[in-house]
Amino acid sequence: MVTDGAVTARVLVAADKFKGSLTAVQVAERVTAGLRRVVPDVRVETLPVADGGDGTVAAAVAAGFERREVRVTGPLGDPVTAAYAVRGTTAVVEMAEASGLQHLPDGVFAPLTATTYGSGELLLAAVDAGARTIVFGVGGSATTDGGAGMLAALGARFLDADGKPVGPGGGGLADLAEADLSGLDPRFTGIDLVLASDVDNPLTGPKGAPEVYGRQKGATEADIATLDAALAHYASLLGPSEASLPGAGAAGGIGYGALVALGARFRPGIEVMLDVLGFAPALDRATFVITGEGSLDAQTLHGKAPAGVAAAARAAGLPVVAVCGRLALAPEALEGAGIRRAYALLDLEPDPAVCMAEAGPLLERAAESIARDFLV
């Protein structure tokens with residue numbers, strides 16, 4: 001039983017999305033419904049979370065930020081609608097909103113030419129809105145251009161030997177002869193740009209952006225070699241030392257562009273987002289915490305949202321359980337992360353397709369089990 005004297009448990013639901021089936025907001029709603037089916041008077045506070053990847057803007061909006069939309073250049077060069085979030089002088093910008101894989105037609109990839117130009121336009125929109133601090137969540141990109149497109153949108157020029165702009169995407173950087181950053185929007189010198197990412201890869205090499213993430217963006221082995229060489233050449237002109245910084249390889253190297261040219265500072269995405277979302281005061285009000293994401297696996301332990309939530313809750317002495325679609329962590333690994341128990345939807349419905357289609361009702365059933373096991 002989890003109580004505070006004679007007071008009913010105060011549950012904090014701080015979970016990420018179940019990718020492909022439920023948003024973080026929907027996860028919180030379904031968990032709450034399941035808990036209240038067993039304990040009708042349970043006090044529940046929901047705080048949808050994200051780690052800097054897709055869903056970051058939605059989490060900020062759920063926490064009280066204002067959602068704004070703008071038309072920007074998509075990864076293939078076509079216009080797309082992208083959202084960012086703002087509250088006061090703080091903005092949350094998610095690069096995937098402008099340059100993410102979700103903007104590619106099914107089965108269509110452009111590993112050599114996809115551009116982050118729209119991400120730069122999205123940053124400009126946040127600055128135009130009065131932001132002085134920008135949390136720049138990077139992940140889920142369709143691009144591997146080292147942030148060159150983003151910087152071009154902010155006023156940089158990338159020219160070939162004939163003085164003409166190089167082509168879009170990482171492939172075009174092979175022709176780069178001159179990188180002129182003198183035209184960058186001067187307002188960024190006064191912006192606190194926080195690079196929020198759950199990966200700390202360098203720009204190039206065996207652990208770099210093309211090798212580790214290129215294949216999921218449609219790159220062949222030849223494309224990966226081309227992109228790695230082009231990004232190494234690009235970095236030789238902009239700043240080789242920054243190419244090895246943590247986060248430089250995030251989102252196809254957009255992290256590098258932000259670090260080398262915009263004065264960004266890298267922080268693990270979940271740490272940044274917990275600060276921005278007001279997690280600490282919410283934790284102070286709780287006696288029990290539920291976190292989760294679609295797949296609890298080895299990646300979860302390396303900077304994903306549930307690990308960050310569990311670490312903070314454990315430091316506060318609060319018990320934590322997790323919900324997930326798929327569980328691929330042993331009990332010892334869960335315990336090491338500060339998670340007492342995980343409730344997987346695949347344990348309720350073993351057919352993956354049915355499980356994803358029925359994720360909402362299944363999650364309510366999992367929450368009922370949590371309530372019976374811990375709250376009564």
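Biologist: Where is the place of Glu 97 in this structure?

Modeller: Happy to start there. Keep in mind that this is a predicted model. Glu 97 belongs to helix 3, which covers residues 95-99.

Biologist: Which side chain of opposite charge is nearest to Glu 97, and how far away is it?

Modeller: A salt bridge needs a nitrogen of Lys or Arg within 4 Å of a carboxyl oxygen, so we check the distance against that cut-off. For Glu 97 the nearest candidate is Arg 67, at 5.0 Å. Glu 97 is therefore without a salt bridge, although it is buried.

Biologist: What does the side chain of Glu 97 reach instead?

Modeller: Look at the backbone. The side chain of Glu 97 comes to 2.8 Å from the backbone nitrogen of Ala 83. Ala 83 also appears among the contacts of Glu 97 that lie beyond four places in sequence. Others in that group include Val 57, Val 80, His 103 and Leu 122.

Biologist: Let's turn to the sheet. What is the order of its strands?

Modeller: Reading across, you meet strands 3-4-5-6-9-10 in an open sheet of six strands, and the pairing is mixed. Strand 3 (66-73) and strand 10 (265-268) are the edges; each has a single partner strand, so one side of each has no neighbour in the sheet. On average, neighbouring strands are turned by 30° against each other, direction ignored.

Biologist: How many bridges join strand 4 to strand 5, and do they run parallel or antiparallel?

Modeller: Strand 4 (residues 79-87) and strand 5 (residues 90-94) are antiparallel, with four bridges between them. To find the pairing by eye, try Val 86: opposite this residue, in strand 5, is Ala 91.

Biologist: Which strands does helix 4 lie across?

Modeller: Helix 4, residues 117-128, lies across strand 3, strand 4, strand 5, strand 6 (133-137) and strand 9 (192-197). Its direction is at about 140° to strand 3. Helix 9 (residues 250-261) packs on the sheet too, touching strand 6, strand 9 and strand 10. The angle between helix 9 and strand 9 is about 155°.

Biologist: And strand 1: are its residues buried or exposed?

Modeller: A general idea helps here. In a regular strand, side chains alternate between the two faces of the sheet. In strand 1, Arg 10 and Leu 12 are on one side, with Val 11 and Val 13 on the other, and all of them are buried. Both faces of strand 1 are thus covered. Strand 1 runs parallel to strand 2, joined by four bridges, and Val 13 has Thr 46 of strand 2 as its bridge partner.

Biologist: Now the charged pairs. How many salt bridges does the structure hold?

Modeller: There are 20 salt bridges. One of them brings together the side chains of Lys 19 and Asp 54, at 3.7 Å from N to O. These partners are 35 residues apart: Lys 19 is in the loop between strand 1 (10-13) and helix 1 (24-38), and Asp 54 in the loop between strand 2 (43-46) and helix 2 (56-62). Lys 19 has 57% relative accessibility, so this residue counts as exposed, whereas Asp 54, at 22%, is partly exposed.

Biologist: What does Asp 128 meet in a salt bridge?

Modeller: The partner is Arg 187, with 2.8 Å from N to O. This pair also links distant parts of the chain, 59 residues apart: Asp 128 sits in helix 4, and Arg 187 in the loop between strand 8 (178-180) and strand 9. Asp 128 is exposed at 55%, while Arg 187 is partly exposed at 35%.

Biologist: Which residues are linked in a network of salt bridges?

Modeller: Follow Arg 30, Arg 37, Glu 364, Glu 368 and Arg 372; salt bridges link them in a network.

Biologist: One last stop. Where is the place of Asn 201, and which side chain does Asn 201 join in a polar contact?

Modeller: Asn 201 is in the loop between strand 9 and helix 7 (209-213). With a relative accessible area of 11%, Asn 201 is buried. Its side chain makes a polar contact of 2.9 Å with that of Tyr 213. Thr 204 lies in that loop between strand 9 and helix 7 as well, but is partly exposed at 24%. Among the residues that Thr 204 touches are Asp 228 and Leu 231.

Conventions:
Residues are numbered from 1 along each chain as its sequence is written. This is a predicted model: local features need pLDDT of at least 70, side-chain atom pairs count only at pLDDT 80 or more; totals for chains, interfaces and linings use all residues. Side-chain values use heavy atoms; hydrogens and water are left out. Helices (H or I, at least four residues) and strands (E, at least two) are DSSP runs, numbered from the N terminus. Buried means under 20% relative accessible area, exposed over 50%, partly exposed in between (1.4 Å probe, protein chains only). Lys and Arg count as positive and Asp and Glu as negative; His and the chain ends are not counted. A polar contact is a pair of N or O atoms within 3.5 Å; within protein, one must be able to donate a hydrogen and the other to accept it, and residues adjacent in sequence count only if both atoms are side-chain atoms. Contact means heavy atoms within 4.5 Å. Two strands pair if DSSP finds at least two bridges between them. Axes are lines fitted to C-alpha atoms, for helices over the stretch in contact, and angles run from 0 to 180 degrees between N-to-C directions.
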